[in-house]
Amino acid sequence: SAAEKGGFDYFMLKEIAEQPQAIADTLLGRLTEHGEIRLDEVRLTDQDLRDVDKIFIVACGTSYHAGLVAKYAIEHWTRIPCEVELASEFRYRDPVLDRSTLVVAISQSGETMDTLMALRHAKDQKARVLAICNTNGSTIPRESDAVLYTHGGPEIAVASTKAFLTQVVACYLIGLHLAQVRGIKYADEVGAVVAQLQEMPDKLRALLDRMDPVRALARDLASAGTVLFIGRHVGYPVALEGALKLKELAYMHAEGFAAGELKHGPISLIDHGTPVVCVVPSPAGRGMLHDKIVSNIQEVRARGARTIVIAEDGDEAVLPYADHVISVPRTPTLLAPLVTTVPLQVLACEIAAARGHDVDQPRNLAKSVTVE
Ligand code: G6P
């Protein structure tokens with residue numbers, strides 16, 4: 001009913017709007033005033049966590065994309081190698097697992113059969129399993145050695161939104177906690193991350209207040225045949241997630257690419273007017289990331305693409321090559337997926353609505369897939 005949807009047309013829009021609160025709830029009680037992480041509920045001892053020499057993240061769908069984002073942050077902060085794998089592939093390829101392997105199973109529902117089977121396989125091989133889950137008492141956390149609940153509240157729409165953001169936040173907490181426990185020199189950078197996380201709910205509220213141009217753009221793109229998404233670094237999984245949302249909801253052909261791979265094939269897909277959504281990292285970030293993607297945007301535009309650029313406020317370097325700019329609040333590179341994903345959720349939802357689809361119940365999809 002309309003009341004259940006809190007005045008929104010769809011549960012998905014309601015859940016998109018709930019993201020600031022959902023993130024605040026994921027953080028609640030887990031950050032100290034001294035910029036440290038407290039995860040007392042995670043029943044792995046500090047010694048267990050010090051012994052970890054390899055991390056595997058296993059998940060499906062949108063939760064897998066959260067894992068892909070997490071890899072960048074966890075490896076950067078902890079220096080522990082971290083692999084991310086589709087749960088449905090993991091156990092069939094005989095992964096190398098032992099007591100010092102930490103397997104992180106990410107699942108909104110806690111009932112996804114592929115993820116459950118992957119974690120059972122990991123346990124059989126003596127790995128330690130930590131679940132990141134949104135559903136209290138569900139099977140995946142029950143069978144894991146430890147659990148970090150996302151506390152995002154129930155997610156009704158089939159396409160995942162707030163669960164994704166809270167999973168990413170939970171992964172950041174685990175990465176920071178591991179760094180802390182292992183005595184990795186708490187760089188200024190990491191203390192600053194905690195402060196940035198605390199500001200995130202307000203930042204997201206401000207972002208959600210300026211989605212009107214995204215809605216207008218959605219109406220415009222509703223008749224496109226295909227939409228491509230490109231990104232680098234953490235912007236790459238964001239591009240994958242943007243494309244997945246569009247497939248799920250709008251039943252359109254959509255694909256996400258690592259921008260650096262364009263030249264190895266995908267650039268041949270670009271034709272006159274092909275919409276390409278470009279996820280741009282902060283110009284303030286380290287390395288050449290920002291410059292590299294600006295040149296990727298130039299390349300696709302030179303071949304006729306219609307460029308839709310998700311960029312930080314005040315990023316003027318992208319303006320000459322952007323047919324549309326969707327600006328997002330300034331955010332350090334590793335945390336940027338929390339802001340850059342949001343306009344892509346709104347875009348997919350609004351394109352689907354414009355095409356007349358049932359946004360909350362897309363054809364052929366289920367909220368939780370309990371078969372292998
Ligand atoms: C289904 C849902 C997706 C979800 C995936 C994994 O395919 O439609 O939205 O990302 O399952 O679900 P989980 O509950 O394990 O996160």
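**Strands 6 and 7.** I began with the pairing of strand 6 (residues 226–231) with strand 7 in this predicted model, and I found the two running parallel and joined by 6 bridges. To fix the register I looked up I230, and its bridge partner in strand 7 is F257.

**The sheet around them.** I then followed the pairing outward and noted an open sheet of 5 strands, ordered 7-6-8-9-10, with parallel pairing. I marked strand 7 (253–258) and strand 10 (324–328) as its edge strands, since each of them pairs on one side only. From one strand to the next I recorded an average twist of 20°.

**Helices on that sheet.** I looked next at helix 10 (residues 212–221), which lies across strand 6, strand 8 (275–279), strand 9 (306–312) and strand 10, and I noted that helix 10 runs at about 145° to strand 10. Helix 11 also packs on this sheet, where I listed its contacts as strand 6, strand 7 and strand 8, and its direction makes about 175° with that of strand 7.

**Helix 11 against helix 4.** From helix 11 (residues 235–250) I moved to its packing with helix 4, for which I noted axes 9 Å apart and an angle of about 165°. Because angles over 145 degrees count as roughly antiparallel, I entered helix 4 as roughly antiparallel to helix 11. The crossing of helix 4 with helix 11 is left-handed. On the helix 4 side I listed T62, H65, L68 and V69, which meet P237, L240, E241 and L244 of helix 11. Sorted by class, the residues of this contact come out as 5 nonpolar, 2 polar and 1 charged.

**The ligand.** I stayed with helix 4 and asked which element gives the largest share of the shell around the ligand. I found that helix 4 (residues 61–78) does, with 3 residues. In total I noted 16 residues surrounding the ligand, the closest being G61, T62, S107, S109 and T112. T62 thus appears in my notes twice, among the residues closest to the ligand and among those of helix 4 that meet helix 11. By class I recorded 10 polar, 5 nonpolar and 1 charged residues in the shell.

**The sheet of strands 1 to 5.** I turned to another open sheet, in which 5 strands with parallel pairing follow the order 2-1-3-4-5. Strand 2 (82–86) and strand 5 (146–149) are the edge strands here, each pairing on one side only. The twist from one strand to the next again averages 20°. At one edge I checked strand 4 (residues 128–133), which pairs with strand 5 in the parallel sense over 4 bridges, and I noted that A131 stands opposite V147 of strand 5. Across strand 1 (54–59), strand 3 (101–107) and strand 4 lies helix 6 (residues 113–124), which runs at about 165° to strand 3.

**Helix 2 against helix 8.** My last entry concerns helix 2 (residues 19–27) and helix 8 (residues 162–181), whose axes come within 9 Å and cross at roughly 30°. Since angles under 35 degrees count as roughly parallel, I entered helix 2 as roughly parallel to helix 8. The crossing of helix 2 and helix 8 is right-handed. In the contact I listed Q19, A22, I23, T26 and L27 from helix 2, meeting K162, L165, T166, V169 and A170 from helix 8. By class I recorded 6 nonpolar, 3 polar and 1 charged residues for the contact of helix 2 with helix 8.

Note on methods
Residues numbered from 1 in each chain as written. Predicted model: local features only at pLDDT ≥ 70, side-chain atom pairs only at ≥ 80, totals over all residues. Pairing = 2+ DSSP bridges. Axes fitted to C-alpha atoms, helices over the stretch in contact; angles between N-to-C directions. Contact = placed C-beta atoms within 7 Å. Parallel < 35°, antiparallel > 145°, perpendicular 65-115°, else oblique. Left-handed = near helix turned anticlockwise from the far one by under 90°. Nonpolar A, V, L, I, M, F, W, Y, C, P; charged D, E, K, R; others polar. Near = placed C-beta within 6 Å.
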